[in-house]
Amino acid sequence: MLIALPLIHAYPERAYPGLGQSAPQVQQMIVNAAGGYPNVPGLANVALAVAQHESQFQATAQNPGSSAAGVFQLISMTQQTMGVTNPYDAQQNVNAGVQLLAQYYQQYGNWNQAIQAFSDGPGT
C-alpha cells in the first residue's frame with residue numbers, strides 16, 4: 001500500500017546535477033542500486049514504484065511544503081543521515097532511497113511496513 005503524499009513540483013530551470021537524466025536513465029539507476037541488495041526480494045520493483053509515486057523519476061522534484069527533494073523525495077534529516085550532499089543529484093538520491101528501502105525491509109520483514117516507514121520518515 002502506498003501512502004498519498006502532497007503534490008510535488010519539478011523545477012527544470014534549475015541547473016542541478018542529474019537534471020539531464022531521463023526517466024529511463026533514473027529507472028536504470030534504481031535497478032542497478034537495488035542489485036546491491038540481493039537478499040532483499042522485490043527491492044527493484046518496490047523502489048521503482050516508490051520513485052514513480054514520489055517524483056515521476058524527476059531528479060529536480062521538490063515538495064514546496066517541506067524539505068523533501070529529488071527522485072525519492074528525501075527530507076533534509078534523511079539526506080544528512082544517508083550522506084546525501086545534493087538531493088538533486090540523481091545518483092546520490094537514488095542510492096540513498098534504495099538503501100533506505102532495503103534497511104526498512106530488513107528491519108520489518110515486509111514491504112507494507114517498510115514502505116510505511118519510508119513514507120513516515122525517520123523517527124516515526
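The following questions and answers concern helices and a loop in a predicted model.

Reader: How far apart are the end C-alpha atoms of helix α1?

Author: Helix α1 comprises 12 residues, 23-34. At 1.5 Å a residue it should span 16 Å, and the model agrees with this expectation. The end C-alpha atoms are 16 Å apart.

Reader: Which residues of α1 are exposed on the side opposite its buried residues?

Author: V26, M29, I30, A33 and A34 are the buried residues of α1. Because they cover an arc of only 130° around the axis, they lie on the same side of the helix. What covers them includes α2 (43-55) and α4 (90-108). On the other side of α1, the exposed residues are P24 and N32.

Reader: Are α2 and α4 parallel or oblique to each other?

Author: The axes of α2 and α4 are 10 Å apart, and the helices pack at an angle of about 120°. Contact is made by L43, A47 and V50 of α2 with V98, L101 and A102 of α4. An angle between 115 and 145 degrees falls outside the parallel, antiparallel and perpendicular ranges. The two helices are therefore oblique.

Reader: Which residue in the loop between α2 and β2 has a positive phi near 65° and is buried?

Author: Most residues other than glycine have a negative phi. In the loop between α2 and β2 (61-62), Q56 has a positive phi of about 60°, but at 47% relative accessibility Q56 counts as partly exposed. The other residue has a relative accessible area of 7%, under the 20% cut-off for burial. That residue, with phi near 65°, is F57.

Terms used. Residues numbered from 1 in each chain as written. Predicted model: local features only at pLDDT ≥ 70, side-chain atom pairs only at ≥ 80, totals over all residues. Heavy atoms only, no water. Helix = DSSP H or I, 4+ residues; strand = E, 2+ residues; numbered from the N terminus. Expected span 1.5 Å × (residues − 1). Buried < 20%, exposed > 50% of the residue type's maximum accessible area, 1.4 Å probe, protein only. Arc of directions from axis to C-beta. Contact = heavy atoms within 4.5 Å. Axes fitted to C-alpha atoms, helices over the stretch in contact; angles between N-to-C directions. Parallel < 35°, antiparallel > 145°, perpendicular 65-115°, else oblique.
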